[in-house]
Amino acid sequence: MDPLVFFIVLALLYGVLYFFDRFFKSCMHYPYDAFLKNTGLSVNFMSLHWHTSAFNRTLLRWGSAGNSCTRRVMVTSFNVGVLVTFSLLPIGLILLIATIFSGGEQETSTSGVGSSPVAVPVQLEILLPGVNLPLEEIGYYITTLVLCLVVHEMGHALAAVLEDVPVTGFGIKFIYCLPLAYTELSHDHLNGLRWFRKLRVLCAGIWHNFVFAGVCYLLISTVGITMSPLYAYNQHVVVTELTRKSPLRGERGLQVDNLVTQVNGCPVNSEESWVTCLQNSLKLKPGYCVSADFVQLNDESSAISHHSIDGQLQCCDELNPNVSCFEVVEDANGDVPVELPQHVCLNVRRTLEEVTEHCSSGVCNEGFCLRPLIRNITAIMTFKRQNSRGEKLPPVIYVGHPWDVTRTVEVSAFVPRYSFLKAAWPDAWLLLLKYNVVFSIGLALINAIPCFGFDGAHITSTVIHSFLVGRVDQHAKRDLISVIITSVGSLLFGLALLKVAWLSFLRPLL
């Protein structure tokens, strides 16, 4: 989706909501006001707000449950959270500065959070579905946002209950496309705490995001073990989807739930080896061991010539797409079999079905080594496969570019052990975990920065008023120092945000 279309559609939705809000407030004033009061909703221009106090008693029970040992564990955990938050502060500032002063070109990925890592400079990036994330992953995006915000605010709430600070409610605001969640606490009780106890409450959200990211990463690292009762992981790959325009569709092509075991003799036991084997099929150009009798019976050679476009040696009829010119490969001693010509023209599919083994140095246990003469952008790929019961199926042969396979065939390293299971289910779980790791770490880093509206602003104010009280007597001056520091952080965050928005969304529109 074009970024401009995304922002226009979002603005139109807000416009419709705002129009009906004004309309119902003028025509159905009392019923509509009662509805808003009962649901906690409020609609403003380009913003949506929801507030509730329904979870206050539940949190109070959670915070007061358990014995003194449980309370000590929670206090120790929040103490560690304070230290982690202060260690994240310089990392967040370095990230902002690196984003502001990095080169003018920013590489953004549209393949999703779960795509293969690429070596690019670490910097801030705005992630929006349909813009720089696949639109079909919007469900993961929304679920992750909700989970990360809930975990963050639950951290504040639990720490507040632990410090006997009343929790008066929760809320979430959508300001255009920016979601903001908050926990409403009693300011008098919070400000009455000693400085370190107050920091436990203020840093608890960041700490919970950090812990949540660690838990998700642990689940990702152990997914092969946790899924082992139901799925065989990293033994082969199973085809989960073929796009409508995939050249491998058809009766003689790949089918959904096929297990791919080899590509051109290269063993496939994971998604990484699947990609590697496809790339090697273009780079290595393997040879095939074929018997001399087969060559002599099926040779369709014509007069040897050079291709009219790229000078490629051609010994077949160019109008016949089913045949290819093969070159007889010399063995390690430089010997060429005398019973075969240097170049032969053979039917590609029939030849590959007769192959006994692959060869690279011209040596075959049986037959002779033949290498197809095809263009550099084309490869011959033979996919050995099985069905879900482990029974061997006829190999699939495709002549083309490996990129045609990678972009039109989806595979999974999770092979179901039972017929009622789908390989896509653990892949979806794994992708959701990856989203949560990225978003949780990002939310923790950004909130640690001293910026207006973030936890870092309240943390900065608490530290300034606690440590400068003996040197700066006047409360107003300490407030001014806190505002200056927070303003600098807000300026850095704003400049980084503007630069990323310009590189990612605005400049492509001009």
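## A link between distant parts of the chain

Let's start with a pair of opposite charges. In this predicted model, Arg200 forms a salt bridge with Glu163, and their closest N and O atoms are 2.8 Å apart. This pair ties together distant parts of the chain, since the two residues are 37 residues apart. You will find Arg200 in helix 7 (residues 195–221), while Glu163 belongs to the loop between helix 5 (138–162) and strand 3 (167–175). Both Arg200 and Glu163 are buried.

How many salt bridges does a search of the whole structure find? The search finds seven, and two others are described next.

## Charges within one helix

Now look at helix 1, which covers residues 3–27. Here Asp21 forms a salt bridge with Lys25, with 3.5 Å between the closest N and O atoms. The two residues sit four positions apart in this helix, about one turn.

Is Asp21 buried or exposed? Asp21 counts as buried because its relative accessible area is 0%, and the cut-off for buried is under 20%. Lys25 has a relative accessible area of 28%, so Lys25 is partly exposed. Salt bridges that share partners also bring in Arg22, joining Asp21, Arg22 and Lys25 into one network.

## Another pair further along

Further along the chain, Asp404 forms a salt bridge with Arg407. The closest N and O atoms of Asp404 and Arg407 are 3.6 Å apart. Arg407 has a relative accessible area of 47%, so this residue is partly exposed; to be called exposed, a residue needs over 50%.

## A negative patch on the surface

Which residues gather in a patch of negative charge on the surface? They are Glu136, Glu241, Glu271, Glu272 and Glu410.

Take Glu271 from this patch as an example. Glu271 lies in helix 9 (residues 271–283). Its relative accessibility is 32%, which means that Glu271 counts as partly exposed.

## Strand 14 and its partners

Finally, turn to strand 14 (residues 368–372). Strand 8 (residues 287–290) runs antiparallel to strand 14, and three bridges join the two. One residue to look for in strand 8 is Val290, whose bridge partner in strand 14 is Phe368.

Strand 14 is also joined to strand 11 (residues 323–328) by three bridges, and these two strands run antiparallel as well. Try finding Phe326 in your view: this residue stands opposite Pro372 of strand 14.

How values were computed
Residues numbered from 1 in each chain as written. Predicted model: local features only at pLDDT ≥ 70, side-chain atom pairs only at ≥ 80, totals over all residues. Heavy atoms only, no water. Pairing = 2+ DSSP bridges. Salt bridge = Lys/Arg side-chain N within 4 Å of Asp/Glu carboxyl O. Buried < 20%, exposed > 50% of the residue type's maximum accessible area, 1.4 Å probe, protein only. Patch = residues over 30% accessible without salt bridge, like charges linked within 9 Å, V, L, I, M, F, W, Y side chains within 5 Å. Areas by Shrake-Rupley, 256 points an atom, 1.4 Å probe, with all protein chains shown as cover. Lys, Arg positive; Asp, Glu negative; His and termini not counted. Charge placed at Lys NZ, Arg CZ, Asp CG, Glu CD.
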